[in-house]
There are 2 protein chains.
Amino acid sequence: MKNDKSDATDLSAQIAKDIRDSIISGQLIVDERLPSESELADQFNVSRPTVREALKRLAAQSLIRTQRGAFGGAFINRIAYPDAYGQQITTSTLLLSMNDISFDVACEARFAMERACAPLACARRTPDHLATMRAEIFRQTQPGLSDESWCASDVAFHRALVDATCNPVLSYQLAGAVEAMQPLMNMITFTARSREKIIDLHTQIANAIEEQEPAHCDELLAALQLYTIELAEHVHRKRAATHAQKT
Amino acid sequence: MKNDKSDATDLSAQIAKDIRDSIISGQLIVDERLPSESELADQFNVSRPTVREALKRLAAQSLIRTQRGAFGGAFINRIAYPDAYGQQITTSTLLLSMNDISFDVACEARFAMERACAPLACARRTPDHLATMRAEIFRQTQPGLSDESWCASDVAFHRALVDATCNPVLSYQLAGAVEAMQPLMNMITFTARSREKIIDLHTQIANAIEEQEPAHCDELLAALQLYTIELAEHVHRKRAATHAQKT
DNA sequence: TGCATTTTAAATGTCAGACTTTTAAATGTC
DNA sequence: GACATTTAAAAGTCTGACATTTAAAATGCA
């Protein structure tokens, strides 16, 4: 755990990297306690605030957790799914919103992965998964549902589909893709007519999964992707038109 | 940008959350400059070190970058693909290594997503992608290649396949899944015989992509998944046997 | 005037030391 | 033995200072 100097970066970044590398390489194992902040300060020949900044960097990545009091300190954290979800969603959301990625590209990525889930979901779905899907479809039929609630329910439906694969790694990977799309989806205004069509597709998808027909499910997801892109294009054209009017 | 108090968490965590939320919600836009550390300290009614800890947390997530000197400060960072890749890989790697996820589950997730790429890769692959794949296959044929280099080349081959979709979002999502598997793959010792079989499958996959035969490509990836799991099981059985011998 | 150089002020980076709060173990008391 | 009290270790926070970096502003010079 020696620091490498001769770098132009901050000390706190270097120290964080040092410790992070030790964690990733397995030199520091889960629940192991790091030396106290003062001890680390001595070891790295820096002040305590600098060490603290390094530790906060690691805490932000869920690599460590800290505990106050006697026999407290910084402990190597077992990264659990919820932590990983959170990070994944934050990063993905910002990546999409900050890099003017076209709706089509994001949509394609999301549905490609979701279609990869279909066969597994058909094979392994439990009554609970189906119940969640049905419940969200029911919620979607409620009149007067706000656009926000509609989108949230849409996300919940698709997450249930992904979770039906009973593969937590897949769920984790997909969480980012599905949730990160939400801000983009929110730009689409769903008319009663378009909602109806989507609900119909959702129902058919749920049926296909219940009846374990992966091929049909795949077709339906493809159809949903096409329709989603169509809706987005419509919004895009309309906005372009009003923009042209202004200038 | 007011702090919400009445929470039990650290001040620096609260402040980081505050600013993070402002970024995610779009109130703070890319390249905008945050107030100076002293100003933030005043605004949040805390000391400068506390503000600094909050900023370091955000920096660890690539949400901001800092610049020293006059007219420097903290700026909202445009999260680029390399940043996102890095975070994704770190998180995924640790998630897999720390949660005793079975090889089968991780492998299933990875190949499910990779198979989702096949149709797009077939449709859009450029000569460059094919060249990369061929080059990696060639490297794999070299005798005496270390296990480490073999695995690295394997990863490079599969990344080329994913990149062939020409969908950067998909590449980003898959990066985590493929790279995170490497430590698990490293536990498998590849005999000359097993390498030969994998090289053969890689060659057929590259051919299928070149000839744009998605269905065939899918079958080959399924075969590769099966074979990989078979190899892992073999290692597992052997290890269990030696372990039983000891006790 | 126009260009090169110097100065300067603002900001982050770092440090030292003190104080506060939390927490669990050690100790004491009944 | 069970409960209350003390205590020490550690994170959390604050203050104030100094170092370093950087770009803009001021200055000097041809």
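The paragraphs below lead through a predicted model of two protein chains and two DNA strands, from a single chain to the pair and then to the DNA.

Chain A is a convenient place to begin, and its secondary structure amounts to 10 helices and 2 strands. Read from the N terminus, the elements follow the order α-α-α-β-β-α-α-α-α-α-α-α, so that the order itself shows three helices ahead of the strands, with helices again after them. The C-alpha trace of chain A spans about 65 × 55 × 30 Å along its principal axes. Its radius of gyration is 24 Å, whereas a compact globule of 247 residues would have a value near 18 Å.

Within chain A, one helix pair can be followed in detail. Two packed helices are described by the angle between their axes and the distance between the axes. For helix 4 (residues 81-98) and helix 8 (residues 168-186) of chain A, the axes come within 8 Å and cross at roughly 35 degrees, and the crossing of these two helices of chain A is right-handed. On the side of helix 4 of chain A, the residues making this contact include A:Tyr81, A:Tyr85, A:Ile89 and A:Leu96, while helix 8 of chain A contributes, among others, A:Pro168, A:Tyr172, A:Ala180 and A:Leu184. Sorted by class, the contact between helix 4 and helix 8 of chain A holds 12 nonpolar, 5 polar and 1 charged residues.

The next step is from one chain to the pair. Two copies of a chain are related by a rotation about an axis and a shift along it. Here a turn of 180 degrees, with a shift of 0.2 Å along the axis, lays chain B on chain A with an RMSD of 0.2 Å, and that is the relation of a two-fold axis. Both copies use the same surface, since 100% of the contact residues of chain B recur in chain A.

In the interface itself, 41 residues of chain B are in contact with 41 residues of chain A. On the side of chain B that touches chain A, two or more residues come from each of helix 1, helix 3, helix 4 (81-98), helix 5 (103-124) and helix 8 (168-185) of chain B. Helix 5 of chain B gives the largest share of that side, 10 residues, and the side of chain B as a whole comprises 23 nonpolar, 11 polar and 7 charged residues.

The DNA strands can now be placed against the two chains. Around DNA strand C there are 24 residues, of which A:Leu11, A:Val46, A:Gly69, A:Ala70 and B:Ala70 come nearest. Two or more residues of this surface come from each of helix 1 (11-24) and helix 3 of chain A and from each of helix 2 (37-44), helix 3 and strand 2 (73-76) of chain B. By class, the surface near DNA strand C has 8 nonpolar, 11 polar and 5 charged residues.

DNA strand D is surrounded by 25 residues, and the closest are A:Glu37, A:Ala70, B:Leu11, B:Gly69 and B:Ala70. For this strand, at least two residues each are supplied by helix 2 (37-44), helix 3 (48-60) and strand 2 (73-76) of chain A, together with helix 1 (11-24) and helix 3 (48-60) of chain B. The largest share of the surface near DNA strand D, 3 residues, belongs to helix 3 of chain B, and the classes there are 8 nonpolar, 11 polar and 6 charged residues.

Notes. Residues numbered from 1 in each chain as written. Chains lettered and ligands numbered in written order. Predicted model: local features only at pLDDT ≥ 70, side-chain atom pairs only at ≥ 80, totals over all residues. Axes fitted to C-alpha atoms, helices over the stretch in contact; angles between N-to-C directions. Helix = DSSP H or I, 4+ residues; strand = E, 2+ residues; numbered from the N terminus. Left-handed = near helix turned anticlockwise from the far one by under 90°. Contact = placed C-beta atoms within 7 Å. Nonpolar A, V, L, I, M, F, W, Y, C, P; charged D, E, K, R; others polar. Least-squares fit on C-alpha atoms with pLDDT ≥ 70 in both. Near = placed C-beta within 6 Å. Rg over C-alpha atoms; globule rule 2.2 N^0.38 Å.
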